[in-house]
Amino acid sequence: TQRCLTILPHNSRPTMKQGTQTPNNVTVNSSYRQHKFSVTFDQEIKRPTSAALLYVLCRGANESVYRKVGAALDTSSSPAVTIHNRTLTFYVLFRIPSRSICHVAMDDGSVVGLQSCGGEGVPSEGISDQKSWTFRSG
């Protein structure tokens with residue numbers, strides 16, 4: 001019987017590289033029905049084997065509560081989600097509400113690292129705050 005032992009460095013979780021997310025801190029055209037989003041991580045990534053979701057949440061300029069817009073995307077299986085080396089790209093096929101403040105949220109494990117002994121890699125940390133990946137709609 002053969003066993004595999006993987007020794008991972010302390011900080012081996014894939015981490016989003018701040019400043020690489022697009023769109024970020026810009027205004028997107030709310031009349032478009034398709035929007036492209038992407039973010040780069042600090043290491044190579046792949047899809048998880050179990051469901052993990054990405055969301056776009058928006059609120060009106062005079063509102064305080066964010067609401068999910070459109071359908072969530074499952075990074076483990078959605079054809080609207082692609083991964084190439086360190087970059088996660090996804091498309092949303094809905095209009096972003098006009099004059100909204102929006103952000104992207106991701107479940108823990110939306111991507112996993114390649115550093116493993118086979119099977120599932122180390123899961124990424126999610127994005128739940130409203131400041132890591134923000135944009136406005138015009």
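## Close-up views of a predicted model

**Figure 1. A single cavity and its lining.** Welcome to the inside of this predicted model, which holds 1 cavity of 30 Å³ or more. The volume of this largest cavity comes to about 30 Å³. Its lining is made up of Leu54, Tyr55, Val56, Val69, Ala71, Leu73, Phe90, Val92 and Phe94. Two or more of the lining residues come from each of β4 (53-60), β5 and β7. What classes of residue face this space? The lining divides into 9 nonpolar residues, with no polar and no charged ones.

**Figure 2. The largest pocket.** Here we turn from the cavity to an open space: the largest pocket offers about 170 Å³. Around it you will find Arg13, Pro14, Thr15, Met16, Gln18, Phe41, Met106, Glu125, Gly126, Ile127, Asp129 and Ser132. Sorted by class, this lining has 5 nonpolar, 4 polar and 3 charged residues. Anyone preparing to look at the charged class can pick out Arg13, Glu125 and Asp129 in the lining.

**Figure 3. The open sheet of 5 strands.** Follow the strands across this open sheet and you meet them in the order β1-β10-β8-β4-β5, with mixed pairing. Which strands stand at the edges? They are β1 (27-28) and β5 (67-74); each has a single partner strand, so one side of each is left without a neighbour in the sheet. Further in, β8 (residues 100-106) and β10 (residues 134-137) run antiparallel and are joined by 3 bridges. To find your way along this contact, start at His103, whose bridge partner in β10 is Thr134. As general background, strands of a sheet pair through backbone hydrogen bonds, either parallel or antiparallel.

**Figure 4. The open sheet of 3 strands.** This second view shows an open sheet with the order β2-β7-β6 and antiparallel pairing. The edge strands β2 and β6 (81-84) each pair on one side only. On average, neighbouring strands in this sheet are turned by 20° against each other, with direction ignored. Between β2 and β7, which run antiparallel, there are 6 bridges. A handy landmark is Ser38, which stands opposite Thr89 in β7.

**Figure 5. Phe37 and Trp133, an aromatic pair.** The structure holds 4 aromatic pairs, and this close-up is centred on one of them, Phe37 with Trp133. How do these two rings meet? Their centres are 6.2 Å apart and their planes stand at 65°; because that angle is over 60 degrees, the pair counts as edge-to-face. Phe37 lies in strand β2 (residues 35-40), while Trp133 sits in the loop between β9 (112-113) and β10, so the pair ties together parts that are 96 residues apart in sequence. Are the partners buried or exposed? Phe37 has 1% relative accessibility and counts as buried, and Trp133, with a relative accessible area of 0%, is buried too.

**Figure 6. Phe90 and the aromatic cluster.** Trp133 also forms an edge-to-face pair with Phe90, at 6.0 Å centre to centre and 70° between the planes. This pair links distant parts of the chain: Phe90 belongs to strand β7 (residues 87-92) and Trp133 to the loop between β9 and β10, 43 residues apart. Both Phe90 and Trp133 are buried. Stepping back, Phe37, Phe90, Trp133 and Phe135 form one aromatic cluster. Phe90 also brings us back to Figure 1, since this residue helps to line the largest cavity.

**Figure 7. Backbone details before β1.** Most residues other than glycine have a negative phi, and most peptide bonds are trans. Against that background, have a look at the peptide bond from Thr22 to Pro23, which is cis, with omega near -10°. Pro23 lies in the segment before β1. Asn25 is found in the segment before β1 as well, and its phi is near 55°, a positive value in a residue other than glycine. With 60% relative accessibility, Asn25 counts as exposed.

**Figure 8. Arg99, between β7 and β8.** Our last stop is Arg99, in the loop between β7 and β8. What is the sign of phi here? Arg99 has a positive phi of about 50°, although it is not a glycine. Its relative accessibility is 65%, so Arg99 counts as exposed.

Methods:
Residues are numbered from 1 along each chain as its sequence is written. This is a predicted model: local features need pLDDT of at least 70, side-chain atom pairs count only at pLDDT 80 or more; totals for chains, interfaces and linings use all residues. Side-chain values use heavy atoms; hydrogens and water are left out. Two strands pair if DSSP finds at least two bridges between them. Helices (H or I, at least four residues) and strands (E, at least two) are DSSP runs, numbered from the N terminus. Rings of Phe, Tyr and Trp (its six-membered ring) pair if their centres lie within 6.5 Å; planes under 30 degrees apart count as stacked, over 60 as edge-to-face and the rest as tilted. Buried means under 20% relative accessible area, exposed over 50%, partly exposed in between (1.4 Å probe, protein chains only). Axes are lines fitted to C-alpha atoms, for helices over the stretch in contact, and angles run from 0 to 180 degrees between N-to-C directions. On a 1 Å grid over the protein atoms alone, a cavity is a set of points where a 1.4 Å probe fits but cannot get out, and a pocket is an open set with protein on both sides within 12 Å along at least five of seven lines; lining residues have an atom within 4 Å of a point. Grid points are joined across faces, edges and corners, and a volume is the space filled by probe spheres set on the points.
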